[in-house]
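Ready for a walk through a protein? Take a look at the sequence and the model below, and then we'll go through them together.

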Amino acid sequence: MVEKFHEELKKLKKEVVEMGNLAKEMLSNAVEALKDRDKEAASQVIEKKKKIADMDERIEQDALRLIALYQPMARDMRTIACVLKMITYLTRVGRYGKDIAKVAIELADQPHIARLVEIPHMADMVCSMIEDALKAFENEDVSLIRDFEERDSEIDALRYSIFRECITYMMEDAKNITRCMHYAMVARYLERCADHACKMAEKINYMVTGERKEIR
């Protein structure tokens with residue numbers, strides 16, 4: 001019975017990683033669609049919102065079923081608790097990908113300002129954090145998330161830099177206001193995704209070590 005439980009728990013973790021890869025893909029592809037002014041690619045991101053919602057619901061049901069059937073303790077229980085938290089954060093990452101895709105569609109017929117400022121670079125940094133969080137979860141390796149506080153601070157600084165640059169472009173020409181406001185909002189979405197990666201890292205650290213550590 002214990003062996004069957006651990007087999008099912010391993011399968012559950014694999015499903016979380018698959019969901020995480022989908023969320024990261026939605027975010028990355030949405031920014032690429034924005035950069036390339038590709039309406040079709042943006043629409044494909046939006047179409048995936050149901051898939052990620054379905055995965056969220058299915059994994060939650062499976063996790064609760066494991067609790068009810070096996071009444072896990074200690075680390076096993078921490079793992080399931082981590083699963084339930086992570087799918088919430090990953091769903092939100094996917095939603096931000098959808099929101100950025102909507103911006104991509106709205107701005108697709110207009111030329112970009114300053115090559116989208118630093119948004120593509122910021123997106124790469126955020127996706128790297130999400131990827132490392134998923135690897136840390138899958139391999140139970142907290143070394144991959146130890147520098148998340150520093151990385152999150154870099155993301156915060158980059159968001160403010162983008163905002164200040166957008167203000168400059170808006171002051172130079174009122175025609176830039178709509179696009180720059182969208183850029184600033186996308187930067188905010190990416191910052192929030194980095195925050196969700198940090199929250200995942202906190203839960204993963206607790207899952208592995210049994211110690212709570214806040215990433216500020």
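We'll start in the middle, move on to one helix, and finish with the charged pairs.

Keep in mind as you look around that this is a predicted model. Let's begin with the inside. The largest nonpolar core has 77 residues. Those with the most contacts inside this core are Leu27, Ile100, Ile119, Phe137, Phe148, Leu190 and Ile204. Where does the core come from? At least two residues each are supplied by α1 (2-36), α2 (39-47), α3 (49-70), α4 (74-107), α5 (119-139), α6 and α7 (177-209). Helix α7 gives the largest share, 15 residues.

To get a feel for the packing, pick out Ile100. If you skip its neighbours within four places in sequence, Ile100 is in contact with Leu27, Ala30, Val31, Leu34, Val186, Tyr189 and Leu190. Two of those partners, Leu27 and Leu190, are also on the list of residues with the most contacts inside the core.

Now slide over to helix α6, which covers residues 148-172. How far apart should its ends be? At 1.5 Å a residue, the 25 residues of α6 should span 36 Å, and the end C-alpha atoms are indeed 36 Å apart, so the two agree. Part of this helix is hidden: its buried residues are Phe148, Arg151, Asp152, Ile155, Leu158, Ile162, Cys166, Tyr169 and Met170. The cover over them includes α5 and α7. Why do buried positions on a helix often come three or four places apart? An α-helix has 3.6 residues a turn, so residues with that spacing point the same way.

Helix α6 also has something to show on the outside. Is Met171, which sits in this helix, buried or exposed? Met171 counts as exposed because its relative accessibility is 69%, and the cut-off is over 50%. Together with Phe163 and Ile167, Met171 forms a nonpolar patch on the surface, and the three share about 310 Å² of accessible area.

Next come the charged residues. Side chains of opposite charge can pair when their charged atoms come close. How many salt bridges are there here? The count comes to 17. One of them joins Lys4 and Glu8, at 3.4 Å from N to O. Both residues lie in helix α1, four residues apart, which is about one turn of the helix. Lys4 is partly exposed at 48% relative accessible area, whereas Glu8 counts as buried at 16%.

Another salt bridge pairs Lys39 with Asp109, whose closest N and O atoms are 3.3 Å apart. Lys39 lies in helix α2 and Asp109 in the loop between α4 and α5, so this pair ties together parts that are 70 residues apart in sequence. Lys39 is partly exposed, at 38% relative accessibility, and Asp109 is exposed, at 63%.

Back around α6, Asp147 forms a salt bridge with Arg151, with 3.2 Å between the closest N and O atoms. Asp147 is partly exposed, with a relative accessible area of 34%, while Arg151 is buried, at 14%. Salt bridges can share partners too: that is how Lys4, Glu8 and Arg65 are joined into one network.

One last stop is Lys98 in helix α4. Is this lysine buried or exposed? Lys98 counts as buried, because its relative accessibility is 16% and the cut-off is under 20%. Leaving aside neighbours within four places in sequence, Lys98 is in contact with Val45, Ile46 and Lys49.

Conventions
Residues numbered from 1 in each chain as written. Predicted model: local features only at pLDDT ≥ 70, side-chain atom pairs only at ≥ 80, totals over all residues. Heavy atoms only, no water. Patch = residues over 30% accessible without salt bridge, like charges linked within 9 Å, V, L, I, M, F, W, Y side chains within 5 Å. Areas by Shrake-Rupley, 256 points an atom, 1.4 Å probe, with all protein chains shown as cover. Salt bridge = Lys/Arg side-chain N within 4 Å of Asp/Glu carboxyl O. Buried < 20%, exposed > 50% of the residue type's maximum accessible area, 1.4 Å probe, protein only. Core = buried A, V, L, I, M, F, W, Y, C linked by side-chain atoms within 4.5 Å. Contact = heavy atoms within 4.5 Å. Expected span 1.5 Å × (residues − 1).
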